[in-house]
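This briefing covers a protein chain with bound ligand, topic by topic. Individual residues come before the overall figures.

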Amino acid sequence: MNPLDAILKPKSIAVVGASRRQGSIGREILHQLIEFDFHGKLFPVNPKGDFIHSIKAFPTVSSIPDPVDLAIIVVPRDEVQSVIDDCGKKGVRGLVVITAGFSETGEDGKRFEAQLGERVRQYGMRMIGPNCMGVINTDPAVRMDATFAPTLPLPGRIAFMSQSGALGVAILNIARQLDIGFSYFVSLGNKTNVSGNDLLKYWEDDPETDLILMYLESFGNAKRFMQICRRISKRKPLLVVKSGRTEAGARAATSHTGALAANQGLDIATGALLEQCGVVRVNTVEELFDLALAFSKNPLPRGNRLGILTNAGGPAIMATDTAIAHGLRMADFSERTCHELRRLLPPEASIQNPVDMTPQSDRGKYDACARILLEDDGIDMLLVVFVPPMMINTMDIILGLEKLRHKYLKPVVGVIMATEEFFGELNRDHPNHMALYIFPESAVNGLAALHHYRLWRDKPVGAVKRFEVRSGTAEDILQEVRQQGRGQMTAEEGLRLIGCYGILVAESIPAVNRKELERVAKELRYPVVLKAVAPDLVHKMDAGGVIVDLRGPEELLAAAQKMTESVARHRGDTAGAGGLGFLIQEFVHGGREVIVGMNHDPKYGPLVMFGLGGIYVETVKDVVFRVPPLTDLEAHEMIQQIRGYSLLRGVRGDAPIDFDALAEVLQRFSQLAEDMPEIAEIEINPLLVFPQAADFRAVDARVRLRGERGDGV
Ligand code: ADP
Ligand code: MG
């Protein structure tokens, strides 16, 4: 037995704080439980009342003679603790704490809530809330509506969790109007004990639930969330509205990776996280419903070929445009389909896709045409638009389609520009009807989501490869930097480090000063690049600290002179060029510059970044993020997702770069990030990439270790 059963499938419920007073939450919850016909025992608890709602009341939970599975607590904040103690004494195993005034109110409330959580844990109970609006289970064997939402829920196969109570109420209300039913509804509240992750796991194997909806404001354990979602999303679609998109982190960062991650806010991380684990993210509650309708009332389509049947041109054109924009295709009809449509429809009708049957079309025409389209193997999904003309009965049309659609394993959705009264009547007399939308864009949005989810579900998972690397040597490099009390590696050290992970790096020779430079100058293979090295030089180029394509010792030494002067100028008079060292590097000719980075997000942990490197990083910010470890497929996806992908594929006759080799670099880099948690930030910028894997060269690397800047790592 699952511990959450006590909350979600209780056989007996005590409502603590039940009240006679009309409009009080204590009364509303009790009322709602009765109204929804709870299939268990109900015990109002109130020290003052003998009877509440014609039911015998008890002064305390412990004075109830029968066993109690679940206590719903609505007493004032300062009494919650003692009620929980009483529940503990009684052996109650589940709690739903509606009462507010905890961590959402500030420090005091936070302390209070922590104590509460500790107490609940000690008793071995599970608790939803505090500060929530209750739970619902529509299973006929349970029938529990323990909320104070005025609308009774429709039974269905969607489980829904909401971190906002108020929004939860609104959603229940709208869902009913849309003929959307739920298996469960849980208002999470402050998530002190039962988290969103706990519920996901509960619903994962729940036979009553096919689809999971979430309204979330924060992730508790984001990494865990991802693991769970990755698993579940292959079996059940997960739709999420995640708010808090503007939570821009103003964290200081020396690298582009950190800056870009902070700059674009946690949203980047959230987006990367959700996409990677197959969660369908929507931006608005409205969109959530568009998708929920499509998912809850349709099978998944086999492909993306859409057929549209309409009695008016305008909405069908809008639908077509949206379909194309969302990656759907307008189906090509078979010869037979064309032939039959032509036979059936008047000459002024259009028998192209969208099929415009003209306004005279009645139920007979709709039925016949819909059947023809559904039988065409080249059509994966059908959108039926009906703009009600005076003489034709809307209900007739819907009922005709309703009969038809169950015969085919294809999504069928309707756009019905009808009145609210019409929908009211339809929901009342014909519940569980097809997905109906008012607007064509919403309908297409829903269909497109079905298609994209199916793609995700059928996509191979990919594999996380482990590469043979010299991790011991990498560890030594890191420890040496640590021992010298430094938090930042030099470019030379950074390059050696990534070299240990099998990433090709430009041959680099350090020279601590001018003297040494003069000594090695004669033995070099030219052309070379000269770079300035000093702890304070983070962006070398800006200080005149990078000079490329030097052809011989004279040029090299002249460059060193020039570099020393410009670095001194850049630093200002006081510091001068003191302590300046050099790095001599093989000059890598040609190549396209990309950036590969990793930083630690305080919530999500490491994030790997890929994008166009060099100057493009600052100007176009063309980068994507992913949570490591990367699978081979994800590495390829990252590369394909940047806007500059076409540059890597080659413009104006350039050969494409070696994408397999680049994907392997990303995976090796991801392995490094996983292996070395001591690294707070690491960035290869640029990595020069070529059509031949053997030509790849990392020419600059920046590595910062943890614990230096107190950046929450
Ligand atoms: P920083 O990022 O500190 O300014 P880099 O070492 O990244 O310095 O060099 C800046 C730019 O110089 C690179 O983006 C690249 O275009 C060029 N560059 C650096 N090293 C080489 C090299 N070995 N071969 C060819 N070009 C190089
Ligand atoms: Mg650089």
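Leucine 341 is in contact with Phe333, Ile351, Val355, Cys369, Ile372 and Leu373, leaving aside neighbours within four places in sequence. The model is predicted, and the values below are computed from it. Leucine 341 belongs to helix H12, residues 335-344.

**Surroundings of leucine 341**
- Leucine 341 has a relative accessibility of 0% and therefore counts as buried, the cut-off being under 20%.
- Alanine 368 is 27 residues from leucine 341 along the chain, and their C-alpha atoms are separated by 8.9 Å.

**Isoleucine 136**
- Strand S8, residues 134-137, contains isoleucine 136.
- With a relative accessible area of 1%, isoleucine 136 is buried.
- Not counting residues up to four places away in sequence, isoleucine 136 touches Met144, Asp145, Thr147, Pro153, Leu172, Ser183, Tyr184 and Phe185.
- Isoleucine 308 is 172 residues away from isoleucine 136 along the chain, with 38 Å between the two C-alpha atoms.

**Isoleucine 25**
- Isoleucine 25 is in helix H2, which covers residues 25-35.
- The relative accessible area of isoleucine 25 is 36%, so this residue is partly exposed: the class lies between the limits of 20% and 50%.
- Contacts of isoleucine 25, leaving aside neighbours within four places in sequence, are with Val74, Ile98 and Phe148.
- One of these partners, phenylalanine 148, is 123 residues from isoleucine 25 in sequence, while the C-alpha to C-alpha distance is 6.4 Å.

**Glutamate 204**
- Glutamate 204 is placed in helix H6, residues 196-204.
- Glutamate 204 is buried, at a relative accessible area of 9%.
- Glutamate 204 touches Arg231, Ile232, Arg235 and Lys236, when residues up to four places away in sequence are not counted.

**Magnesium site**
- The magnesium ion (ligand 2) has as protein donors Asn685, through O, and Asp700, through OD, lying 2.2 Å from the ion.
- Asparagine 685 is in strand S28 (residues 679-689), and aspartate 700 is in the loop between strand S29 (697-698) and strand S30 (701-705); the two residues are 15 apart.
- Asparagine 685 and aspartate 700 are both buried.

**Packing of H3 and H4**
- Helix H3 (residues 77-90) packs with helix H4 (residues 107-123) at an angle of about 5°, and the axes are 10 Å apart.
- H3 is therefore roughly parallel to H4, a term that applies to angles under 35 degrees.
- The H3 side of the contact consists of Arg77, Asp78, Val80, Gln81, Ile84, Asp85 and Gly88, and these meet Gly109, Phe112, Gln115, Leu116, Arg119, Val120 and Tyr123 in H4.
- By residue class, the contact of H3 with H4 divides into 6 nonpolar, 4 polar and 4 charged.

**Whole chain**
- The protein chain contains 24 helices and 30 strands.
- The C-alpha trace spans about 100 × 80 × 45 Å along its principal axes.
- Of the 713 residues in the protein chain, 55% count as buried.
- About 30300 Å² of the protein chain is exposed, and carbon and sulfur atoms supply 52% of that area.
- When contacts between residues at least 6 apart in sequence are considered, 72% join residues at least 24 apart.

Key: Residues numbered from 1 in each chain as written. Chains lettered and ligands numbered in written order. Predicted model: local features only at pLDDT ≥ 70, side-chain atom pairs only at ≥ 80, totals over all residues. Heavy atoms only, no water. Axes fitted to C-alpha atoms, helices over the stretch in contact; angles between N-to-C directions. Helix = DSSP H or I, 4+ residues; strand = E, 2+ residues; numbered from the N terminus. Parallel < 35°, antiparallel > 145°, perpendicular 65-115°, else oblique. Contact = heavy atoms within 4.5 Å. Nonpolar A, V, L, I, M, F, W, Y, C, P; charged D, E, K, R; others polar. Buried < 20%, exposed > 50% of the residue type's maximum accessible area, 1.4 Å probe, protein only. Areas by Shrake-Rupley, 256 points an atom, 1.4 Å probe, with all protein chains shown as cover. Donors = N, O, S within 2.8 Å, 3.2 Å for Na, K, Ca; no water.
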